[in-house]
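Student: I would like a close look at one part of this model, the packing of one pair of helices, and then at the salt bridges. Please take it step by step.

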Amino acid sequence: MTGFAEVEKTLKFPTNTVQPRPGEHPAHIGEGPASEFYRLSMPSTDAPAHTRLRKLVAPAFQPRAVTRMRSWVEELIIAGLDELSQHDGEVDFVHDFAMKVPARIACRLLHAPMEDAGTVLQRVPALNAIFSQSDLTPEQLAEADEVAQFYFDYIGDIVDTLRGKVGDDDAVGALINAEAAGDRLSRNELVVTLVGFFVASYHTTMMAMTNVVNSTARFPDQYRLLAGDPTLAAATWEENLRFDTPIHFLWRYAGEGLELDGMPIPQGSHLLLGLAAANRDPRRFDNPDVFDLSRPDNRHLSFTAGSHYCIGAPLSRLEGDILLRELPKRLPNLEVLEENPPRFPDLIFPTITRLTVAPQGR
């Protein structure tokens, strides 16, 4: 389904699930480390497990906690823009900024060595493959298992090193110490949660940062508008997420009592939800195919809705606000030279793989 109202209702409908039946997961993800990552990840769980995990994890990424990250996030983004500004000719924005800076942010967030930023996260697409609705080849599943085990070991070592050394004012410390009603995250749950944040804070931020540069290039009047008024940074990020959402599709299984457009949906029906299409539904947005910073209402579904609303949304918004305040200031003549940039052919994550830009203009 692709309509905004229908997708939003499906995401919020209380009896809908992400699992076809309690405890059941797609057969094509196998039984190895990738399967364990999938089964313990919050996006793949339903209540009551999801409710429990979310209650334990949420405090680490509340807006107040994320605000405390602003100084070092700003430092990393500005450093990345300054590096980009040193190029006189053409560069690939994906390779020279969008892959580097979110990786540095992810490493700083999880206390991973900064020197690992350029290599550790390059294997993310192989793990993301398990969230596809398509069958995996044996080779893809074997690679996903290998990468999942690598991240389990890598993040597990970080957790063991940090335990007892970081406090609740730190995102990882808050998760290590998380407790609610006498309950705590198990070690596997903690590691999977941190792997999930490590992957998500890198991959979706990389996509969103690339998308916003591509979008503002297609609408240069909007880039000039942003350059003249930095307070539009937050609105620009929201419009970017509406206009070109990083995640194009999600799925749900229909619960008891779901009706769409007055039509009863049989319980257990597999529903594919088009987030990108919903965000451009002309019944919801005027001129939806226009990138418009002055849009009076750009409330989108890129962070989904309901009980699975993205817990990392405040961090995404912080990164977007900083990037879009600094980008026009430091690169006022930035020009995108790629009219139709190539995208990775994936239904869920159609990532722009190359975006040729001239940081100082031509």
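Tutor: An angle between two helix axes of over 145 degrees counts as roughly antiparallel. This is a predicted model, and the pair to look at is helix 7 (residues 100-109) with helix 11 (residues 187-218). Their axes lie 8 Å apart and make an angle of about 155°. Helix 7 and helix 11 are therefore roughly antiparallel. Their crossing is right-handed. On the side of helix 7, the contact is made by Pro102, Ala103, Ala106, Cys107 and Leu109. Helix 11 contributes Phe198, Ser201, Tyr202, Thr205, Met206 and Met209. Of the residues in this contact, nine are nonpolar and two are polar, while none is charged.

Charged side chains do appear in the salt bridges, and the count of these comes to 21. Side chains of opposite charge can pair when their charged atoms come close. The first case to take is Glu146 with Arg123, where the closest N and O atoms are 3.0 Å apart. Glu146 belongs to helix 9 (residues 138-162), and Arg123 to the loop between helix 7 and helix 8 (124-128), so this salt bridge ties together parts that are 23 residues apart in sequence. Arg123 has a relative accessible area of 28% and is partly exposed.

Next comes the salt bridge of Arg343 with Asp244, with 2.8 Å between the closest N and O atoms. Arg343 sits in the loop between strand 8 (335-336) and strand 9 (356-358), and Asp244 in the loop between helix 13 (233-243) and strand 4 (249-253), so the pair ties together parts that are 99 residues apart in sequence. Here the two partners can be set side by side: Arg343, at 35% relative accessibility, counts as partly exposed, whereas Asp244, at 9%, counts as buried.

Asp297 and Arg284 also meet through their side chains in a salt bridge, at 3.0 Å from N to O. Both Asp297 and Arg284 are in the loop between helix 14 (275-278) and helix 15 (313-330), 13 residues apart. Asp297 is partly exposed, with a relative accessible area of 38%. Arg284 is partly exposed as well, at 21%. The cut-off matters for Arg284, because buried means under 20% relative accessible area.

Finally, there is a network. Asp82, Glu326, Lys329 and Arg330 are joined into one network by salt bridges that share partners.

Definitions and conventions
Residues numbered from 1 in each chain as written. Predicted model: local features only at pLDDT ≥ 70, side-chain atom pairs only at ≥ 80, totals over all residues. Heavy atoms only, no water. Axes fitted to C-alpha atoms, helices over the stretch in contact; angles between N-to-C directions. Helix = DSSP H or I, 4+ residues; strand = E, 2+ residues; numbered from the N terminus. Parallel < 35°, antiparallel > 145°, perpendicular 65-115°, else oblique. Left-handed = near helix turned anticlockwise from the far one by under 90°. Contact = heavy atoms within 4.5 Å. Nonpolar A, V, L, I, M, F, W, Y, C, P; charged D, E, K, R; others polar. Salt bridge = Lys/Arg side-chain N within 4 Å of Asp/Glu carboxyl O. Buried < 20%, exposed > 50% of the residue type's maximum accessible area, 1.4 Å probe, protein only.
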